[in-house]
Amino acid sequence: MADKARQDAKQQLDTMQRYYAWQSKIYDATRWSFLFGRKKIIDILPFEKDATIKILEIGCGTGYNIERMARQFPNAQIIGLDASSHMIDKATINTSAFSDRVNLERRPYFFGESQYSEQMDLILFSYSLTMINPQWRDLILQARRDLRKGGYVAVADFYNSNFQFFKNHMGNHHVRMDGHLVPLLEAEFERQELMVKPAYGGVWHYFMYIGKKKN
Ligand SMILES: C[S@@+](CC[C@H](N)C(=O)[O-])C[C@H]1O[C@@H](n2cnc3c(N)ncnc32)[C@H](O)[C@@H]1O
């Protein structure tokens, strides 16, 4: 990694570690009210219930999606990775019923050589990419590398807002809300699903995207 990219990644990691030291304590009690689309993206994943698949969630937080995916796909092996040790501590508790097939990694995802011996069938980013700034582009490209050919990327996240005050507010919480993710996903993957939905009467929009690795 070049020096500038390394510095950016280190700074973003420190920011997440600080931000979630406290937010991890209230995360599960509060996020249901605004992280929309998390259930839906899992409901529409293009796998049979009994599929034997390898799943990686990048920025798994407290394990909300991992628990849901472990129930939905009883034969799946799931890796959850998060930059915040506080969030991984919560995820360890929340996913303990599935510890035989869930592995949690306390580390940031970064661009470079793959850290996995096998490629994934599915990589999920749920409300992590809009917080991965400025290296969101690199991490989408890394996810593409870590997927097998024909594997899927699934993303649920903030899309955009017409209200600058709201974008500024989200910026204070380290979220970039700029419609910047979908064009790169569209360029790198073959779209299977794209849904953009309003939240709170259109104060912001969120999106759900599923794409297939073409080659
Ligand atoms: C808003 S939370 C989403 C958590 C979970 N995916 C969910 O849907 O509830 C964003 C998570 O991404 C993690 N994160 C941010 N940057 C990361 C990075 N570079 N590598 C791994 N995790 C990261 C944060 O620590 C945080 O737990």
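Here is a short conversation about a predicted model of a protein chain with a ligand.

Student: How many aromatic pairs does this model have?
Tutor: Happy to start there! A pair of aromatic rings is described by the distance of the centres and the angle of the planes. Rings pair here if their centres lie within 6.5 Å. By this rule the count comes to 14 aromatic pairs.

Student: Are the rings of Phe36 and Tyr200 stacked, edge-to-face or tilted?
Tutor: Their centres are 5.9 Å apart, and their planes meet at 40°. Planes under 30 degrees apart would count as stacked and over 60 as edge-to-face. The angle of 40° fits neither, so the pair of Phe36 and Tyr200 is tilted.

Student: How many residues apart are Phe36 and Tyr200 along the chain?
Tutor: Phe36 is in the loop between helix H1 (3-30) and helix H2 (38-43). Tyr200 is in the loop between strand S6 (190-199) and strand S7 (204-212). The pair links distant parts of the chain, with a separation of 164 residues.

Student: And are the rings of Phe36 and Trp204 stacked or tilted?
Tutor: This pair also links distant parts of the chain, since Trp204 is in strand S7, 168 residues apart from Phe36. The two ring centres are 6.3 Å apart and the planes are at 10°. That angle is under 30 degrees, so the pair of Phe36 and Trp204 is stacked.

Student: Is Trp204 buried or exposed?
Tutor: A residue counts as buried under 20% relative accessible area. Its partner Phe36, at 23%, counts as partly exposed. Trp204 has a value of 5%, so Trp204 is buried.

Student: Which residues do ring pairs link into a cluster?
Tutor: You have already met three of them: Phe36, Tyr200 and Trp204. Ring pairs join these with further Phe and Tyr residues. The rest of the cluster is Tyr127, Phe158, Phe163, Phe165, Phe166 and Tyr206.

Student: Which ring does the charged end of Arg38 sit over?
Tutor: Arg38 is a good residue to look at, as it is also among the closest to the ligand. A polar side-chain atom of Arg38 lies 2.7 Å from an oxygen atom of the ligand. Its charged end sits 3.8 Å from the centre of a ring, and that ring belongs to Tyr64.

Student: How much of the accessible area of the ligand does the protein cover?
Tutor: The ligand is surrounded by 23 residues. Polar side-chain atoms lie 3.0 Å from a ligand oxygen in the case of Asn65 and 2.7 Å in the case of Ser126. On its own the ligand has 600 Å² of accessible area, and the protein covers 99%.

Student: Is the peptide bond from Asn133 to Pro134 cis or trans?
Tutor: Most peptide bonds are trans. Pro134 lies in the loop between strand S4 (120-126) and H5. Omega for the bond from Asn133 to Pro134 is near 10°, and the bond is cis.

Student: What is the phi of Tyr127?
Tutor: Most residues other than glycine have a negative phi. Tyr127, in the loop between S4 and H5, is buried with a relative accessible area of 7%. Its phi is positive although it is not a glycine, at about 55°.

Student: Which residues does Gln142 touch, not counting residues up to four places away in sequence?
Tutor: Gln142 is placed in helix H5 (residues 136-146). At 1% relative accessibility, Gln142 counts as buried. Its contacts are Tyr109, Phe110, Phe111, Gly112, Glu113 and Ser114.

Terms used:
Residues are numbered from 1 along each chain as its sequence is written. This is a predicted model: local features need pLDDT of at least 70, side-chain atom pairs count only at pLDDT 80 or more; totals for chains, interfaces and linings use all residues. Side-chain values use heavy atoms; hydrogens and water are left out. Rings of Phe, Tyr and Trp (its six-membered ring) pair if their centres lie within 6.5 Å; planes under 30 degrees apart count as stacked, over 60 as edge-to-face and the rest as tilted. Helices (H or I, at least four residues) and strands (E, at least two) are DSSP runs, numbered from the N terminus. Buried means under 20% relative accessible area, exposed over 50%, partly exposed in between (1.4 Å probe, protein chains only). A charge sits over a ring if NZ of Lys or CZ of Arg is within 6 Å of the ring centre and within 35 degrees of the ring normal. Contact means heavy atoms within 4.5 Å. A residue is near a molecule or strand if one of its heavy atoms lies within 4 Å of it. A polar contact is a pair of N or O atoms within 3.5 Å; within protein, one must be able to donate a hydrogen and the other to accept it, and residues adjacent in sequence count only if both atoms are side-chain atoms. Accessible areas come from the Shrake-Rupley method with a 1.4 Å probe; for residues, only the protein chains shown count as cover.
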